[in-house]
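Student: I'd like to learn how to read helix packing, cysteines and salt bridges in a model. Can you take me through them?

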Amino acid sequence: GHEELALPYKLSYKSKSIVKNGNYWVGYGWSGKLRFKTEKGDCIPSYPELIDLKITNKCEHGCQFCYMNSTINGEHADIDDLKRIINQVSSDSWGLNDRRVEFSVGGGNILLYPHLEELFKFMKEKGHIVNTTIRSSDCNIICNVERLKNIFEKYVSGIGISVNDTKDIEDIHTFKDIFKKKDVVIHMIPEYNGFAESLEIMNKLNDDKHYFSFLFLGYKTNGRGNNCNYDKLEEANLNALFDGRHSVHIDTTFANRYKEYLEKTFDTEYTITYTEGEYSMFIDGVTCKGYKSSYQKDKPYDLFDGGGVINAFNNIRKDNGLEIYKDEYYGGKG
């Protein structure tokens with residue numbers, strides 16, 4: 001019930017860094033968020049906090065582990081379809097649904113998407129948070145193409161950089177120096193890179209002048225990823241990768257693969273979500289379908305003929321056996 005929250009970073013209801021979602025509130029800080037509620041019990045969202053949004057399946061990199069099967073001949077999402085999707089989770093004109101969603105925009109290679117600035121601008125105007133993922137080799141392109149540099153500076157809050165080896169480290173350092181005010185996180189697949197390479201990447205990135213957070217992604221055996229080898233990490237490897245790190249995030253695939261180790265080593269009650277689709281969902285903007293996640297696509301929900309994003313999200317929660325939020329002001333409907 002307070003207008004401001006006394007935390008290390010300022011959260012204000014008036015500035016929309018605090019928004020209500022279902023039976024709880026979400027506070028958005030500079031490099032993350034937290035959930036809080038007035039009573040004990042589960043947090044039950046009325047809309048997804050995070051939407052992993054694919055805007056293109058076109059990519060020239062040809063990574064052999066790509067679980068999206070993206071190629072240079074892939075298709076782009078229609079910009080008008082993307083705007084319709086975003087409108088479905090945006091605040092209405094009466095202010096009854098004051099929603100704020102973290103959009104994690106990916107592909108394919110998003111730099112090839114012809115309407116990137118128009119899309120990001122639309123998201124920001126609707127009050128959402130724009131995060132995105134790029135490849136390490138694209139850092140140099142963004143830094144040297146003024147149009148792209150301005151887009152990232154103006155609209156993007158968080159930037160994930162996918163790193164598979166040490167060859168682009170200097171470009172990443174330059175990128176970080178240019179985008180000092182952005183939350184830049186290094187995305188790694190330790191099971192694919194290998195333990196030794198992963199450790200070297202982490203140590204070289206965090207030198208005397210630079211500091212990065214890391215996101216460990218579990219290897220996904222979908223798409224072209226089904227044809228690659230990956231090594232499950234041993235406990236000693238995990239200890240070395242986590243040891244002394246101030247900020248390491250993990251995705252759900254990684255969390256479930258190493259659940260026993262994580263629960264033994266860390267207090268995970270409030271820091272790890274093991275269930276895909278509990279607070280988030282994946283939207284393929286090219287096909288306009290919603291899913292539990294980007295790699296669990298066995299049950300698609302049509303976003304235009306099937307009741308929209310909110311309905312798809314509620315169905316995903318039902319599929320998981322999770323409770324659906326009931327709004328007392330609208331006859332108990334979710």
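Tutor: Sure. Let's start with contact, which here means heavy atoms within 4.5 Å. Keep in mind that this is a predicted model.

Student: What covers the buried residues of α2?

Tutor: The cover includes strands β6 (50-54), β7 (102-106) and β8 (129-135), along with helices α1 (79-88) and α4 (146-155).

Student: Which residues in α2 are buried?

Tutor: Buried means under 20% relative accessible area. In α2, which spans residues 116-125, that applies to Leu116, Leu119, Phe120, Phe122 and Met123. Look down the helix axis and these buried residues fall within an arc of 160°, so they line one face of α2.

Student: And what follows the helix?

Tutor: Gly127 follows α2, and its phi is positive, near 90°.

Student: Now the cysteines. How many disulfides are there?

Tutor: The general idea is that a disulfide covalently bonds the sulfur atoms of two cysteines. To count one, the sulfurs must be within 2.5 Å. By that rule the count is 0. Take Cys63: the nearest cysteine sulfur belongs to Cys59 and is 6.1 Å away, and Cys63 is in no disulfide. Cys288 is in no disulfide either, with the nearest cysteine sulfur, on Cys66, 20 Å away.

Student: Are Cys63 and Cys288 buried or exposed?

Tutor: Cys63 counts as buried because its relative accessibility is 17%. Cys288 is buried too, at 7%.

Student: How do I read a salt bridge?

Tutor: Look for a side-chain nitrogen of Lys or Arg within 4 Å of a carboxyl oxygen of Asp or Glu. The structure holds 14 salt bridges. One of them pairs Lys33 with Glu102, with the closest N and O atoms 3.3 Å apart. Lys33 sits in strand β5 (residues 33-36) and Glu102 in strand β7, so this pair ties together parts 69 residues apart in sequence. Lys33 is partly exposed at 30%, whereas Glu102 is buried at 18%.

Student: What about salt bridges inside a helix?

Tutor: Back in α2, Lys121 bridges to Glu125, and their closest N and O atoms are 2.5 Å apart. The two are 4 residues apart, about one turn of the helix. Lys121 is partly exposed at 37%, and Glu125 is exposed at 53%. In α4, Lys149 and Glu146 meet at 3.7 Å, N to O. Those partners are 3 residues apart, again about one helical turn.

Student: Which residues are joined into one network by salt bridges that share partners?

Tutor: Lys33, Arg35, Glu49 and Glu102.

Technical notes. Residues are numbered from 1 along each chain as its sequence is written. This is a predicted model: local features need pLDDT of at least 70, side-chain atom pairs count only at pLDDT 80 or more; totals for chains, interfaces and linings use all residues. Side-chain values use heavy atoms; hydrogens and water are left out. Buried means under 20% relative accessible area, exposed over 50%, partly exposed in between (1.4 Å probe, protein chains only). The arc is that of the directions from the helix axis to the C-beta atoms.
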